[in-house]
Amino acid sequence: MKQLIEIPKTQIIMAFVATCIESTARLLNVSYQDVYQRMKRVGMIENYIIPNYELLHSESREHLAAGIAECLRNWEENNQICILNQDIADKHLTYYGTEQL
């Protein structure tokens, strides 16, 4: 009788994250390193893919890649807005000082 090897859930989830990165990179026709860096910059892996593993892993690879690519673009756009808003706030504080708040 063959003995089954049990893989820890964290390893299964990390393999799924790798699949998400590779599938998205293939869809966008860019390197997986580029997609990984973009996801890392906006916190998408730890704040979206891993927490939503149970929901996401049931999707087809094509549908998953399309959804993740769209989500990544949205998160990057939102991150840019946050950076711009922080720059405006910093300039305001520099010009008016903190006592005006």
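Start with the whole chain: the protein has five helices and zero strands. Helices here are DSSP runs (H or I) of at least four residues, strands are E runs of at least two, and both are numbered from the N terminus. Along the sequence the pattern reads α-α-α-α-α.

This is a predicted model, where local features need pLDDT of at least 70 and side-chain atom pairs count only at pLDDT 80 or more, while totals for chains, interfaces and linings use all residues. Residues are numbered from 1 along each chain as its sequence is written, and side-chain values use heavy atoms, with hydrogens and water left out.

**Stop 1: the whole surface**

Show the surface. The protein exposes about 7,800 Å², and carbon and sulfur atoms supply 54% of that area. Accessible areas come from the Shrake-Rupley method with a 1.4 Å probe, and for residues only the protein chains shown count as cover. Of the 101 residues, 25% count as buried. Buried means under 20% relative accessible area, exposed means over 50%, and partly exposed lies in between (1.4 Å probe, protein chains only).

Now think about contacts, meaning heavy atoms within 4.5 Å. Take those between residues at least 6 apart in sequence: 68% of them join residues at least 24 apart.

**Stop 2: the nonpolar core**

Select Phe16, Met39, Met44, Ile49 and Ile68. In the largest nonpolar core, which has 18 residues, these five touch the most other members. A nonpolar core is a set of buried Ala, Val, Leu, Ile, Met, Phe, Trp, Tyr and Cys residues joined through side-chain atoms within 4.5 Å. Color by helix next. The elements giving two or more residues to this core are α1, α2 (32-42), α3 (44-49), α4 (53-56) and α5 (61-96). Which helix gives the largest share? That is α1, with six residues. In soluble globular proteins, nonpolar side chains tend to be buried together.

Zoom in on Phe16. Beyond residues up to four places away in sequence, Phe16 touches Ile49, Tyr53, Leu56, His57 and Leu64.

**Stop 3: Thr24**

Select Thr24, in helix α1 (residues 9-28). Is Thr24 buried or exposed? Thr24 counts as buried because its relative accessibility is 0%. A polar atom of the Thr24 side chain lies 2.7 Å from the backbone oxygen of Cys20. For scale, a polar contact is a pair of N or O atoms within 3.5 Å; within protein, one must be able to donate a hydrogen and the other to accept it, and residues adjacent in sequence count only if both atoms are side-chain atoms. Leaving aside neighbours within four places in sequence, Thr24 contacts Val35, Met39, Ala65, Ile68 and Ala69.

**Stop 4: Leu28**

Stay in helix α1 and select Leu28. Leu28 is partly exposed, with a relative accessible area of 25%. Outside its neighbours within four places in sequence, Leu28 contacts Arg38, Ala69 and Arg73. Then draw a distance to Ala65. Leu28 and Ala65 are 37 residues apart in sequence, yet their C-alpha atoms are 9.0 Å apart in space.

**Stop 5: the salt bridges**

How many salt bridges does a search of the whole structure find? There are three. A salt bridge is a side-chain nitrogen of Lys or Arg within 4 Å of a carboxyl oxygen of Asp or Glu.

Select Glu54 and Lys9. Their side chains meet in a salt bridge at 2.5 Å, N to O. The pair links distant parts of the chain: Glu54 is in helix α4, Lys9 is in helix α1, and 45 residues separate them. Glu54 counts as partly exposed at 49% relative accessibility. Lys9 is also partly exposed, at 48%.

Move to Arg38. At 17% relative accessibility, Arg38 counts as buried. One salt bridge goes to Asp34, with the closest N and O atoms 4.0 Å apart. Arg38 and Asp34 are separated by about one helical turn, because they are four residues apart in helix α2. Asp34 is partly exposed, at 31%.

Arg38 also forms a salt bridge with Glu76, the closest N and O atoms being 2.7 Å apart. This pair links distant parts of the chain: Arg38 sits in helix α2 and Glu76 in helix α5, 38 residues apart. Glu76 counts as partly exposed at 21%. Shared partners join Asp34, Arg38 and Glu76 into one network of salt bridges.
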